[in-house]
Amino acid sequence: MDVYVLIYRKKTIGKIATCLELRSAALQSTQSQEEFKLEDLKKLEPILKNILTYNKEFPFDVQPVPLRRILAPGEEENLEFEEDEEEGGAGAGSPDAFPARVPGTLLPRLPSEPGMTLLTIRIEKIGLKDAGQCIDPYITVSVKDLNGIDLTPVQDTPVASRKEDTYVHFNVDIELQKHVEKLTKGAAIFFEFKHYKPKKRFTSTKCFAFMEMDEIKPGPIVIELYKKPTDFKRKKLQLLTKKPLYLHLHQTLHKE
């Protein structure tokens, strides 16, 4: 079989998967307006019935699932400029131009040391007014000093376990990759909420939250959400919303 036929078929299947995700997000949304309606989904029926011979233009302008692009914090601001460059480049639309990255890079707990404290943070849920519309949401956790420099390896949670009303649920444990006593003064733990945008063809940061060292205490804690781009230096913070929506965490300290 012609290699170009195989590539085209693979892209078509990837686009169908994206449309199914859009429909799933629309069904879970509590808002009245659905971005991807049942009528839209029905347009995929002739493609599915003739997947081996279908060679017409795909009815929706979406990016195949395997070709998702994930942007670094703040990179969204330069997206239009970068897309112009990519459209003129030879590699536009190739796997190199849209590198795949699968969330879920959690690390195990460090070995205990006498007199030293380890921290486990359970990410329970995050409150968002459009929680049901978020596709493949996950949270990137990092520990930064006052200059925004990483103090520990960055970790990504798996994709959220479920979405319900105005909450995205994770229920996953993050093991801090440094003993609490060894963190520098002024350090903070950042939580960046990310989700996939099929229409814009990339995964971006929707909002972020952070926890400072004086907030490290055993038990539950809720922290405020801020607008992107992520401000690791904490100098220009803007609340995401005035509504009582927060990131819900639970901390456990381990000390020998």
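1. Asp-150 is partly exposed, with a relative accessible area of 38%. In this predicted model, the side chain of Asp-150 forms a salt bridge with that of Lys-144, at 2.6 Å from N to O. Lys-144, by contrast, is buried, at a relative accessible area of 7%. The bridge therefore pairs a partly exposed acid with a base whose value lies under the 20% cut-off for burial.

2. This contact belongs to a wider set: a search of the whole structure finds eight salt bridges. Two further examples are described below.

3. The side chains of Arg-109 and Glu-175 meet in a salt bridge, with an N to O distance of 3.2 Å. The two residues belong to distant parts of the chain, 66 residues apart: Arg-109 sits in the loop between α4 (79-88) and β2 (117-127), and Glu-175 in strand β6 (residues 167-175). As for accessibility, Arg-109 is partly exposed at 43%, whereas Glu-175 is buried at 11%.

4. Strand β6 also holds Asp-173. The side chain of Asp-173 meets that of Arg-122 in a salt bridge of 2.9 Å, N to O. Because Arg-122 lies in strand β2 and Asp-173 in strand β6, the pair ties together parts that are 51 residues apart in sequence.

5. Is each partner of this strand-to-strand bridge buried, exposed or partly exposed? Asp-173 is partly exposed, with a relative accessible area of 35%, and Arg-122 also counts as partly exposed, at 30% relative accessibility. Both values fall in the partly exposed class because they lie between the 20% and 50% cut-offs.

Technical notes:
Residues are numbered from 1 along each chain as its sequence is written. This is a predicted model: local features need pLDDT of at least 70, side-chain atom pairs count only at pLDDT 80 or more; totals for chains, interfaces and linings use all residues. Side-chain values use heavy atoms; hydrogens and water are left out. A salt bridge is a side-chain nitrogen of Lys or Arg within 4 Å of a carboxyl oxygen of Asp or Glu. Helices (H or I, at least four residues) and strands (E, at least two) are DSSP runs, numbered from the N terminus. Buried means under 20% relative accessible area, exposed over 50%, partly exposed in between (1.4 Å probe, protein chains only).
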